[in-house]
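The exercises that follow are meant to be worked through with the sequence and the model side by side. Please try each task before reading its solution.

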Amino acid sequence: MADTSTSSPAVPGGIAAGERASRRARRGQSPWVRAWLILRRDRAAILAAIVLVIIVVASLLAPLYAAHVSRTDPFRSNLSGSITIDGQSVAIMQSSTQGLGLGVVPIGPTWRAQYLLGADAQGRDVAARLLYGGRNSLLIAGASTLICLVLAALVGTCAGFFGGATDMVLSRLLDVLWAFPVYLLAISLSIVLISQGITIGPVEIKSGSLLLPIGIIGIIYVPYIARPVRGRVLALRGSEFVLAARGLGIPRWRILRKDILPNVATTLIVYIPLMMALNIVTESALSFLSIGVQAPDASWGTIMQDGQTLLYTRPVVALAPGLAVVATVLALNVLGDGVRDALDPRTKLR
Amino acid sequence: MLTAIIQRLAQMVFVMFGISALVFLIFFATPGADPAARIAGRNAAQETVEAIRHDFGFDRPLPVQYGIMMKRLFISRDLTSFVNRGLQVVPQVLAAAPITLSLVCGAAVLWVVGGIAVGVLAALTRDTIIDKALMMLALIGVSMPVFWFGEMMNLVSQSRFHDTWLFSWVPGLGYKSLWTDPWGWFKTLVIPWFTLAALYIGIYGRVLRANLVEAYQEDFIRTARAKGLSPARVMVRHALRVSLIPFVTMFGLDFGVLVGGAALLTEVVFGLNGVGRLTYQALLSLDLPMILATVMYASFFVVVTNALVDMLYVLIDPRVRKS
């Protein structure tokens, strides 16, 4: 929005490559090294990065956990099974002791290897599903962030660099997307695509595929990033070093590649953790409305949805994935703040 | 002035047209999407699907379908639902609107007051433990999925602590009309208000703090302090005034989008039948007339609040007035 204001380039471009290298050698630091040195001193950001690594590793170890620790299949319902606690056999689905005594309640947290956090309404191990869910949530968040940034960079750079009719068309398109409440757009796309899948030419994406939420979440936030990118490119295009390069007769694509894109890259990198945070929340919201990740696959959002019916009897089913989301998103936001301070303090999300 | 108004109106029409066309295309022209098959349900006979296709006019060219629907929505205002045939969509939206307005307006008051309080307090106590704690809380608010926070609030206020003095006043989920039962209206909405506002208090508090910190490095603040103005006056009349400009933009966008239905998750969790929930249900049943009506309503609010923000800008920022 207000990012179109004057801004100086982070990397002095337009100078002959040889001289640039020697300058860098004189100062001894490239902008990337400088950013890393700042980030390394940011204790909160480093702590957040460690938390994220732990969460990612734990999620990646999900199959090992399911095979060797919980020893259950987290994708198959287990309504009649039982486990042994302190030498006694306990049914996973217990008949309700509250109210009229009708219906069954899944086993609560056992705080043992099996059913550590209890079972969901299908009798599946919540702890194992939480780890598997983390894989999907993180995968969707990461992949959709990548899609979003690539598209936004493309749209924003084209609109800003070529200007004229290209800018006009792309900017109006972004305006329309911008005025559309993101959740409604995401829900509209999800409902149509997830029930029927999509066929584009030879590529057929099945309705339960993870590619659908990835693509949808990747598209809806494009205007959020494309606008600041466009503003940045516009400012760069009018900056002195680009004008100098044009005056020297350097071809446009070369200016784009050597002078504009490296400067846009910092803007984009700043957005990576913040977008991932936003995408995790979006994924969980879509899955919560049962139009994200489809059963029997798990994600943090789907587990929260499973937990909603058990909210008053077995709150841990909804509590645990929520805490996982909060921890991950919080860590990503803290890391994002650190990266922004290190690379480009001017950038703001929205 | 007149040209500005005309320009604004033209922009409004353009954005609303763009959005309605987009929704229309999503539901009618997505590869593989067949509204007739969707309405007929799974495993419907081919004849049934064909009958529905003809009945609802899906066999006509897309621009014609679009035109008819827009005419019935805006001009004759008798557009009826596809799913509950005979049910008119415009009254449905109008009935849901006060619920969403109640939810969003109350939350907006909370988040503006809370956001300014958090931002100003954090900026005044910059780099102290209070600042750090406030920013951490704000970040937690930003990081919580709103529906999950709502669930947890329900768990605490409706179940676990409902029988204690703390939450025994909380009524069951649902909406009570402001006109017939104002006290009930207030009691049912307090927790949804707080839930919806938590996220925005976090966002606004963070943004305001950053803007205030930036403003305190400006020359005019130094001048104001050098003149001997009291710290409170420097904060309120000089720093806060400049810092509230981006705040107003954000507020306009967020408020418009929320009134238009983006508060859907809060509405679902708290059983409020507002516009968001209406839209969501219409989307689930692929009730295109209802979807178009709700989406038009939503985009109308977005565009109107954008226009209001621009006008407010002129009031609070003299720099805009000149250009």
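Buried means under 20% relative accessible area, exposed means over 50%, and partly exposed lies in between, with a 1.4 Å probe and protein chains only as cover. Helices (H or I, at least four residues) and strands (E, at least two) are DSSP runs numbered from the N terminus. This is a predicted model, in which local features need pLDDT of at least 70 and side-chain atom pairs count only at pLDDT 80 or more, while totals for chains, interfaces and linings use all residues. Residues are numbered from 1 along each chain as its sequence is written, chains are lettered from A and ligands numbered from 1 in the order in which they are written, and side-chain values use heavy atoms, with hydrogens and water left out.

**Exercise 1. Chain A as a whole**

Task: Find how many helices and strands chain A has, and what share of its residues count as buried.

Solution. Begin with the secondary structure, where chain A shows 13 helices and six strands. Next take burial: 52% of the 350 residues of chain A count as buried. Then turn to contacts, a contact being heavy atoms within 4.5 Å; among those in chain A between residues at least 6 apart in sequence, 67% join residues at least 24 apart.

**Exercise 2. Helix H12 of chain A and the loop before it**

Task: Explain why helix H12 of chain A is described as largely enclosed by the rest of the structure, and state which helices its buried residues pack against.

Solution. First, count the buried positions: helix H12 covers residues 300–309 of chain A, and seven of its 10 residues are buried, so the helix is largely enclosed by the rest of the structure. Second, name them, which gives A:Trp300, A:Gly301, A:Thr302, A:Ile303, A:Met304, A:Asp306 and A:Gly307. Third, look for what they pack against, namely helices H3 (43–60), H5 (126–162), H11 (252–288) and H13 (316–343) of chain A, together with helix H7 (146–160) of chain B. Finally, consider A:Ser299, which is found in the loop between H11 and H12 of chain A. A:Ser299 is buried, with a relative accessible area of 0%, and, leaving aside neighbours within four places in sequence, its contacts are A:Gly133, A:Asn136, A:Ser137, A:Glu283, A:Ser287 and A:Val293.

**Exercise 3. Two positions in chain B**

Task: Decide whether B:Leu73 and B:Thr266 are buried or exposed, and list what each of them touches.

Solution. Start with B:Leu73, which lies in helix H4 (residues 62–74) of chain B and is buried, with a relative accessible area of 6%. Apart from neighbours within four places in sequence, B:Leu73 is in contact with B:Leu79, B:Val89, B:Val90, B:Leu292, B:Ala293 and B:Met296. Continue with B:Thr266, found in helix H11 (residues 264–269) of chain B; this residue is buried too, with a relative accessible area of 1%. When residues up to four places away in sequence are not counted, B:Thr266 touches B:Leu103, B:Val146, B:Pro192 and B:Leu196.

**Exercise 4. Salt bridges**

Task: Find how many salt bridges the whole structure holds over all chains, and work out which parts of chain A are tied together by A:Arg230 and A:Asp167.

Solution. Apply the criterion, a side-chain nitrogen of Lys or Arg within 4 Å of a carboxyl oxygen of Asp or Glu; a search of the whole structure finds nine salt bridges over all chains. One of them joins A:Arg230 and A:Asp167, whose closest N and O atoms are 2.7 Å apart. Because A:Arg230 lies in helix H9 (residues 222–237) and A:Asp167 in helix H6 (residues 164–179) of chain A, the pair ties together parts that are 63 residues apart in sequence. As for accessibility, A:Arg230 is partly exposed at 22%, whereas A:Asp167 counts as buried at 13%.

In chain B, the side chains of B:Arg209 and B:Asp131 meet in a salt bridge at 2.8 Å, N to O. This pair links distant parts of the chain, with B:Arg209 in helix H8 (residues 182–215) and B:Asp131 in helix H6 (residues 129–143) of chain B, 78 residues apart. Both B:Arg209 and B:Asp131 are buried. The last step is to look for shared partners, and here salt bridges join A:Asp337, A:Arg340, A:Asp341 and B:Arg206 into one network.
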